[in-house]
Amino acid sequence: MDGYNFAYLDEQTKRMIHRALLKAVAIPGYQVPFGGREMPMPYGWGTGGVQLTASILGADDILKVIDQGADDTTNAVSIRHFFQRVAGVETTTATTAADVIQTRHRIPETPLRAGQILVFQVPIPEPLRFIEPSEQETRLMHALEEYGVMHVKLYEDIARYGHIATTYAYPVKVDGRYVMDPSPIPKFDNPKLDGNPALMLFGAGREKRLYAIPPYTPVESLDFEDHPFEIQRWEHSCALCGSDRSYLDEVITDDKGGRMFVCSDTDYCQTRRGDVA
Amino acid sequence: MKKPAQEYPVLLDVQDITRLYGPAKGCEAIDFRLHAGEVLGIVGESGSGKSTLLRVLAGLEAPDAGRVIYRRSSNEPEAARTGTGKHESGGDQKENAEAALDLYAIGEARRRALLRLEWGLVHQNPRDGLRMGVSAGANIGERLMAQGQRHYGQLRATGQAWMRQVELDPGRIDDAPRTFSGGMQQRLQIARTLVTRPRLVFMDEPTGGLDVSVQARLLDMLRTLVRQLGLSVVLVTHDLAVARLLAHRLMVMRHGQVVETGLTDQILDDPQHEYTQLLVSSVLTP
Ligand SMILES: Nc1ncnc2c1ncn2[C@@H]1O[C@H](COP(=O)(O)OP(=O)(O)OP(=O)(O)O)[C@@H](O)[C@H]1O
Ligand SMILES: [Mg+2]
Ligand SMILES: [Zn+2]
């Protein structure tokens, strides 16, 4: 641990991030710029999320890290090891036991509770970027609530595919005001954003932006009256735990084309199997 | 199109507008009023400052001096407010009552909302006014969606109705504008602009860059729309034939200044200023 401050970041950087976080919590869904630091890992590894986790983590906190819902991918394992090393915190794979959960791609299936903090690693924070490359212009569009183009995109989906084909990073409106990109979570997880008792923080390392959904904030997925928002559904149940309400991944089981559908949330699946057994 | 519009209420009150990029480059000391239901043509040779003036009037470019006052009758709801209202801090809270907006005093938020929700702008090049990456239907629907329409089926029906109105095949509603000809793109831009029935429309050379035969049909269509919808229009053109067909009144510009103004037929048939005489005669001689 020599040469490291607790949780890697120096206290001045943490204070700066705390100030940005306070603003983000005060204005749900609003992107706050912050003076991000270089982290000892490449951007694609979630440096935005890592910086937020590093600044909010306390010595007594228990940390969980997931990637695609799993605790054991390379990305999740290395971030977990990083925090074990630089903060010496206890880690867990159990959603219920964690105080802070850093995630990429998923919100745990097990309902979160008040007091927990979910930290998202965000690649592209700006939901208007697809239509407007200029940062100055998108900030103005947010300020003026010029959000017509978001529905233009959904309209185009329906015209082209007969339904809203956007399945990831499905845009939401937070607290009736700011349109926000929930980042690469599947739209399956969008309803979990709405009124969640946990605090949700989003960090984008490359673009140096953070934003937040405070506990119990209304979050609405954009849609049309005659094409309401819908989540993904599967014909199958989880082949391992039998859940018919979790997000399923298709996995190849052998080299003869064998496949099965299993929960993407490994902790949820294992816990259920433990319960069933 | 003879229509003495003077008895209709003033919609736009332009007071001593100047926007100069250099001596005689831009527009200078422009003063006029546009009445509701009126089509005002701004004519003049290339570089005389027509587009500069139009940009200032449309809220796109602040003048060096002068004011643009937009008046809506006092019993009308302020559409420009809905887009921004609740988050804008005070300062201009008395405006519902007075119903006159000083375009460059109200702040960018409300100015942009005005242009988006209550006015319309037709560019010479349809590519500047269209979203080339999305379908014709999405282009027509955008302003409605910006106003809060959230019914896909209705948006689509409105899109098709407008395509018919501007003489486009409604069966092509899902096609991208880039698969349309220049004239068709211009029709689409006009449909996209007029779909919200704007109270005031700015057009900069709407038939420029088109073949003569395509131009004629487009002009005809525009004339019908202007009459049917009772549009108020500021129309910039260097083409006096276009001006004659569409405008009730003309303003003749030269080197950034207005040299003559009056009823269209009066100006074209009996021009007083020698520059106007030159302009008119150069058109008449083939
Ligand atoms: N953004 C600008 N910066 C500098 N000069 C400009 C700018 N816009 C216009 N000008 C100059 O101001 C003068 C008036 O230009 P403007 O575009 O208003 O003329 P116009 O009457 O619309 O001409 P045209 O019929 O060719 O479109 C020209 O000399 C032009 O070069
Ligand atoms: Mg011009
Ligand atoms: Zn399972």
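# A guided tour of chains A and B

Begin by selecting strand E9 of chain B, residues 249–254, which is mostly covered: five of its six residues are buried. Please keep in mind throughout that this is a predicted model.

**Stop 1: the neighbours of strand E9 in chain B**

Keep E9(B) highlighted and add strand E3 of chain B, residues 39–43. These two strands pair in the parallel sense, and four bridges connect them. To view one such position, select B:Gly41, whose bridge partner in E9(B) is B:Leu250.

Next, add strand E10 of chain B, residues 257–263. Here the pairing with E9(B) is antiparallel, and six bridges join the two strands. Select B:Arg249 and then B:Leu263 in E10(B), which is its bridge partner. Follow the chain from E9(B) into E10(B): the two strands form a hairpin with two residues between them. In that turn, select B:His255, which has a positive phi of about 50°.

**Stop 2: a buried arginine in chain B**

Select B:Arg19, which belongs to strand E1 of chain B, residues 10–22. Is this arginine buried or exposed? The cut-off for a buried residue is under 20% relative accessible area; B:Arg19 has a relative accessibility of 18% and therefore counts as buried.

Now show the side chains around B:Arg19. With the side chain of B:Glu61 there is a polar contact of 2.8 Å. A polar contact of 3.0 Å links the side chain of B:Arg19 to that of B:Asp64. Beyond the residues up to four places away in sequence, B:Arg19 touches several others, including B:Lys25, B:Cys27, B:Thr52, B:Val56 and B:Pro63.

**Stop 3: an alanine in a loop of chain B**

Move to B:Ala58, in the loop between helix H1 (50–57) and strand E4 (65–71) of chain B. This alanine counts as buried because its relative accessibility is 2%. Which residues is B:Ala58 in contact with, leaving aside its neighbours within four places in sequence? They are B:Leu103, B:Leu115, B:Trp119 and B:Phe202. For a distance exercise, select B:Ile69 as well: B:Ala58 and B:Ile69 are eleven residues apart in sequence, and their C-alpha atoms are 11 Å apart in space.

**Stop 4: an enclosed helix of chain B**

Select helix H6 of chain B, residues 136–146. Ten of its eleven residues are buried, so the helix is largely enclosed by the rest of the structure. Among the buried residues are B:Ala136, B:Asn139, B:Ile140, B:Glu142, B:Arg143 and B:Leu144.

To see what covers the buried residues of H6(B), display helix H4 (108–117), strand E6 (119–122), helix H7 (152–165) and helix H8 (182–194) of chain B, and add H5 of chain A, as the cover includes these elements. After H6(B) comes B:Gly148, which has a positive phi near 105°.

**Stop 5: where the two chains meet**

Colour chain A and chain B separately and look at their contact. How many residues does each chain bring to the contact? Chain A gives 23 residues and chain B gives 25 residues. The area buried between the two chains is about 2,100 Å², and carbon and sulfur atoms give 58% of that area. In chain A, select A:Leu144, A:Val152 and A:Tyr155: these residues lose the most area to chain B, and together they account for 29% of what that side buries.

Between chain A and chain B there are three salt bridges. One to display is that between B:Arg112 and A:Glu146, where the closest N and O atoms are 2.8 Å apart. The two chains also share eleven residue pairs in polar contact, with both residues at pLDDT 80 or more.

Select helix H4 (135–143) and helix H5 (148–161) of chain A; each supplies at least two residues of the side of chain A that touches chain B. With nine residues, H5(A) gives the most to that side. Grouped by class, this side of chain A has ten nonpolar, four polar and nine charged residues.

**Stop 6: the sheet of chain A**

Finish with the open sheet of seven strands in chain A, which has mixed pairing and the order E1-E9-E8-E5-E4-E2-E3. Its edge strands are E1 (32–33) and E3 (90–91), each of which pairs on one side only. Select strand E2 of chain A, residues 62–67, which runs parallel to E3(A) and is joined to it by two bridges. For the last selection, choose A:Leu63, which stands opposite A:Thr91 in E3(A).

Definitions and conventions:
Residues numbered from 1 in each chain as written. Chains lettered and ligands numbered in written order. Predicted model: local features only at pLDDT ≥ 70, side-chain atom pairs only at ≥ 80, totals over all residues. Heavy atoms only, no water. Contact = heavy atoms within 4.5 Å. Buried area = accessible area lost by both parts, 1.4 Å probe. Salt bridge = Lys/Arg side-chain N within 4 Å of Asp/Glu carboxyl O. Polar contact = N/O pair within 3.5 Å; in protein donor to acceptor, adjacent residues only side chain to side chain. Nonpolar A, V, L, I, M, F, W, Y, C, P; charged D, E, K, R; others polar. Buried < 20%, exposed > 50% of the residue type's maximum accessible area, 1.4 Å probe, protein only. Pairing = 2+ DSSP bridges.
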